[in-house]
Amino acid sequence: MKNIPHDSASKHVTGQSVYIDDMPVNSRLLTGRVVYSRHAHAKIKSPDLTKAKQLPGVHAVLCYQDIPGHNQMGPVIHDEVCLAIKEVHCVGQAIVLIAAENEEIAIEAEKLVVIEYEPLEAVLELRRAIEKNTLLAPARTMNRGDAETAMKNSFHTIRGELETGAQEHWYLETQSCLCIPGEHQEINVFSSTQHPSETQAIVAEVLGIAKNEVVVETRRMGGAFGGKETQANHAAAWTALLCHATKRPVKIRLSRDDDQKITGKRHRFLIRYEARFNEDGKLLAVKFELNADAGYTTDLSMAILERAMLHADNAYFIPDMSVTGKAYRTNLPSNTAFRGFGGPQGMAGMETVIDRIARFLKKDPAEIRKLNFYGTEKENITHYGQEVELNRLHLLYDQLMETSDYAKRKKEVELFNSKNEFYKKGMAITPVKFGISFTTSFLNQAGALVNIYKDGTVLVNHGGTEMGQGLNTKIRQIAAAELGVTIDKIKVNATNTSKVPNTSATAASAGTDLNGMAVKDAIEKLKSRIGKQLAAEFSKIRPEKPTTVDHLIFQNNTIIDSLYPDRKIAFDEAMVICHLNQISLSATGFYKTPDIGWDKLKGWGKPFNYYSFGMSVSEVLVDTLTGSHKNLRTDILHDVGDSINPGIDLGQVEGGFIQGMGWCTTEEIKWDEKGNLLNHSPDTYKIPSVQDIPADFRVNLLQNVPNPNAIRKSKAVAEPPLMLAFSTWLAIKDAISAVGNHQHEPFFQLPATNEVILLSIEDIRKKIKGN
């Protein structure tokens, strides 16, 4: 029951899975195309669309003046226009939309669009934005104790900066949308979106119609990773405008190059830190300043910055801690959600501090980490006031240190380094403590609709979206377990705003937690109705010994009276009886996460329902002459509570780690001095390949640690494993440090590309010569 295959696995490998681009449409389908800015910042002077409109096969050429509703698609703050008006703020900002008979005609029409620009000064670097104080919103702060005073009373201090890079989502299916007009104002939107309800709202707003005229459906996405939480709205809005203008079906599917140029990335951060600690390595006070590159509009930047601040402690108790967060506008596409949602950037700063303390004290970083872990009964309150309950850090550490042979291998690494000049090995163990819930508390809600048919089959609708993570598979398992039927009886339908309204995004790793509980709520209502009817039916057998609802058990496609086992009925037969007795076999479910909430302004409270924990040990080999590295072995132990589906959870842990490793090592994004993205295709943007996977990859789930705070005692798994990749990042730093026999702090950044590794090694060699 637990390790059933992914719901779409067989469809994927046989080519039967239907994505937006696979959906059959009639011959009236038009192809949409987006004409976007080639300048990072410029005034638009007298655009001329005349020739493009006259091209045969072109059915619409639209600019901002053709928008019937509001020219706006900002998801939180309305500061992002759908189509540029008189000024563009980044390369990739949409200006004109084209609908044509086919892609070739649309491309020819784009060539006929004449736009004159007057270039303006562009801010492209985060440090430049800080200099010009292009703040997106007032700075945020979180404080516990008095870090400023504590800094003056401690033994040792370190301070420095860390730059973390951007990251491209590189989902396999690019941003895509198909819109089909209905009667009068109705429009059906088939969108590759993580947030159908928000897509519905944005489409309604740009068209100037009510939400009940817009139906958004999402069967599945070909990957998303946060990149389709808000920015799928863009393609949907553009497609809807063209559909509305032509009264014909229209589809937009961005090319890989255009997708990478137009969409936002993981936020670049500049992290400034100062830490004080005693001679044992015990943290006494830490100050962080987190500076984020938001791009040209707000998008979700403030929420991402907030989560970075909430995770600036990672797994460590700090008596006096101060975190300041600032987000800055730049003339780049609006940066957006990405797996981890700011958590990785916040944790990178903390792990850098721990690593530097260990090198300063000439100790193993593993020892410093263990010393500073949150406690189980004391030293277990975060810098924002939440208790770290059911702390698994110490259990993970003890088990992983043993199963990975850390101590033995660490000595072997030291021996290897003493005998080799041009190759160096490094090792690191790093933890993850990740809070599960939307930090915008009202978003922690979900709905479901469950229909049981007379043949005993069940159709489940819920507000979550499937993007390959296995959500629908887990929902099937939950529904089957709660109803006591086999998995073949359950079908999970496409997410549809006309079935389940007002949903939250499938994000924050909470998809199964929220939607699973909503499905459970609906099924409990159904079981209560069914149970009352069957109790009455069973009681007819011997009225003096009636069946009560409390004694009915739903299991193995059968409903049984636990007191009188001879009173039983097949599930499908029971549904016929219920129908004949006019019992409703359809129910809605709803869930909201209990007992969470916090004061955003004060930065204090309980933003998370629970914490997910994980730990990783990595060993790498670095070629000091080329800067290349090889991940020799990674051991991961991750806490997912009582796993609903261990196979899917292991896949999420492995995939999250590899994606995190890409961010930490190879995935460097570069823009030129005019704001043009230089590596916008797979031949220039280096996501991890099969050769980058650890040669020896050992991934296990922590056993016998049920989580009482989530559906079926499980835990979320999607985002936390990404940060386990810090073990690879810091193992590389450990190998670099070995060049100077660990006597000098290496220059280091994220990602640790070959170039960064070589520059760091060269810096150490200069320091050696200087001594």
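**View 1. Meet the three domains of this predicted model.** The domain assignment of the chain gives domain 1 (29–121 + 175–253), domain 2 (269–439 + 600–770) and domain 3 (445–592). Domain 1 and domain 2 are each written as two stretches of the chain, while domain 3 is written as one. Keep these residue ranges at hand, as the views below refer back to them.

**View 2. Here domain 2 meets domain 3.** Taken over C-alpha atoms, the centres of domain 2 and domain 3 are 41 Å apart. To the contact, domain 2 brings 19 residues and domain 3 brings 19 residues. About 1500 Å² is buried between domain 2 and domain 3, with 61% of it on carbon and sulfur atoms. Which three residues should you look for on the domain 2 side, as the ones that supply more of its buried area against domain 3 than any other three? They are Phe-438, Ile-644 and Ile-711, which together supply 42% of that area.

**View 3. Polar links join domain 2 and domain 3.** Between these two domains, the count is 6 residue pairs in polar contact, both residues being at pLDDT 80 or more. There are also 2 salt bridges between domain 2 and domain 3. For a salt bridge to zoom in on, try the side chains of Asp-649 and Lys-474, which meet at 2.6 Å, N to O.

**View 4. Step inside the largest cavity.** The structure holds 8 cavities of 30 Å³ or more, and the largest cavity encloses about 110 Å³ of space. How many residues line the largest cavity? There are 17, and Glu-80, Gly-92, His-234, Ile-262 and Tyr-296 are the ones nearest its centre. The lining is made up of 9 nonpolar, 7 polar and 1 charged residues. Domain 1 and domain 2 each give at least three residues to this lining.

Key: Residues numbered from 1 in each chain as written. Predicted model: local features only at pLDDT ≥ 70, side-chain atom pairs only at ≥ 80, totals over all residues. Heavy atoms only, no water. 1 Å grid on protein atoms, 1.4 Å probe; cavity = no way out; pocket = protein on both sides within 12 Å on 5 of 7 lines; lining within 4 Å. Points joined across faces, edges and corners; volume = space filled by probe spheres on them. Nonpolar A, V, L, I, M, F, W, Y, C, P; charged D, E, K, R; others polar. Domains from an automatic or database assignment. Contact = heavy atoms within 4.5 Å. Buried area = accessible area lost by both parts, 1.4 Å probe. Salt bridge = Lys/Arg side-chain N within 4 Å of Asp/Glu carboxyl O. Polar contact = N/O pair within 3.5 Å; in protein donor to acceptor, adjacent residues only side chain to side chain.
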